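Visitor: Please show me the model, and explain how its terms are justified.

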Protein chains: 2
Amino acid sequence: MRYAAPIERLLEELERLPGIGPKSAQRLAYHILVAEAADAQRLADAVVEVKRAIHFCPRCFNFAEGELCAICADPQRDQHVICVVEEPRDLAAVERTGEFRGTYHVLQGAISPIDGIGPERLRIKELVERVGVEETTEVVIATNPNAEGETTAIYIARLRKPLGVRVTRIASGLPVGGDLEYADEVTLGRALEARREM
Amino acid sequence: MRYAAPIERLLEELERLPGIGPKSAQRLAYHILVAEAADAQRLADAVVEVKRAIHFCPRCFNFAEGELCAICADPQRDQHVICVVEEPRDLAAVERTGEFRGTYHVLQGAISPIDGIGPERLRIKELVERVGVEETTEVVIATNPNAEGETTAIYIARLRKPLGVRVTRIASGLPVGGDLEYADEVTLGRALEARREM
């Protein structure tokens, strides 16, 4: 059975979201259908507003509301140390440890030959440029401890000479094969502390 | 770490949705943030449009785009048999069996003393009124085969005398304790066929 067209359209849009299958989409749509109109409007507004207000920081490619992201714009942060992460949610995970006071560089992914993602698809060129221009003293690589993240870490480490700076990798100690995003603060903090030369 | 305000607002709205925890909300927000602006706008529009265009059918309380829902407005359907379900998604599950050609009555829930939901919170009064006015020959109760659904079925069956019509219950055969929504079409079709007098 098909639902009325507006419901079908909503189901279709919900099913495009990651991790949302047909059954989850039905539950979400039902929730929206029985919710107060104002609640549904707030959800829709939040989606539109986030796209209007948020762009990528031109320096580190984190999400930014102002010209630079909140971290790049913060004079308290050590501008000479760059922590390289795959995605903004990994940046958020590192921030939660409270162990890092430098800035970040968000690659917007990891090298994955299987998915056809080569280094040119990532913000690695921009990292190299940044390190060349800014007085960077250390690049801490905090990509995920899985195959793609390790490959990416090794690729960036090999650019060490042109970078001409210290390149470190957060310590193993994180469950291998897992996602950085799911690590607890203490484990991730320890891994940061024990980072080693690459 | 907190994200920029528009991201936090989106996370907050996403976390209000059923089955969406903080981690899922982050994944969804990230997807929306990196999606094309047009895709995000389509999602927002679908949410707003569904609230604008869809209301409850005043006869059966299914979702309706026109004055009546598509099923109540269909002259091909047997207007004298009413299948009582808890929610529109249960109606959709019964429709998918292709075994039922009557109309529906959506209770908008089930009796659940634990959740403080008594019969007065459901569309039972409207069902009784409908059966009194329309020339109903049979009421098929297709509430979920769990505690709340059974309680609701028994409650409606006890109104049998004032209803003065045949009241049946879809057969067991569905996994008890489960949700009608997740039954496969064949099982649910058989259960409909083998409905018994209450």
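**The interface and one helix**

Guide: About 5200 Å² is buried between chain A and chain B, and carbon and sulfur atoms give 68% of that area. This is a predicted model, in which local features need pLDDT of at least 70, side-chain atom pairs count only at pLDDT 80 or more, and totals for chains, interfaces and linings use all residues. Residues are numbered from 1 along each chain as its sequence is written, chains are lettered from A in the order in which they are written, and side-chain values use heavy atoms, without hydrogens and water.

Visitor: What makes an area count as buried between chain A and chain B?

Guide: Buried area is the accessible area (1.4 Å probe) that two parts lose on being put together, summed over both. Contact, meaning heavy atoms within 4.5 Å, links 54 residues of chain A with 54 residues of chain B.

Visitor: Why is the pair Arg42(A) and Glu13(B) called a salt bridge?

Guide: The term requires a side-chain nitrogen of Lys or Arg within 4 Å of a carboxyl oxygen of Asp or Glu. The N to O distance between the side chains of Arg42(A) and Glu13(B) is 2.8 Å, so the pair qualifies. Across the interface the rule finds two salt bridges.

Visitor: Which element gives the largest share of the side of chain A that touches chain B?

Guide: H3(A) does, with 14 residues.

Visitor: What span is expected of helix H2 of chain B, and what does it reach?

Guide: The expected span is 1.5 Å times one less than the number of residues. Helix H2 (residues 22–34) of chain B has 13 residues and reaches 18 Å from first C-alpha to last, close to the 18 Å expected.

Conventions
Helices (H or I, at least four residues) and strands (E, at least two) are DSSP runs, numbered from the N terminus.
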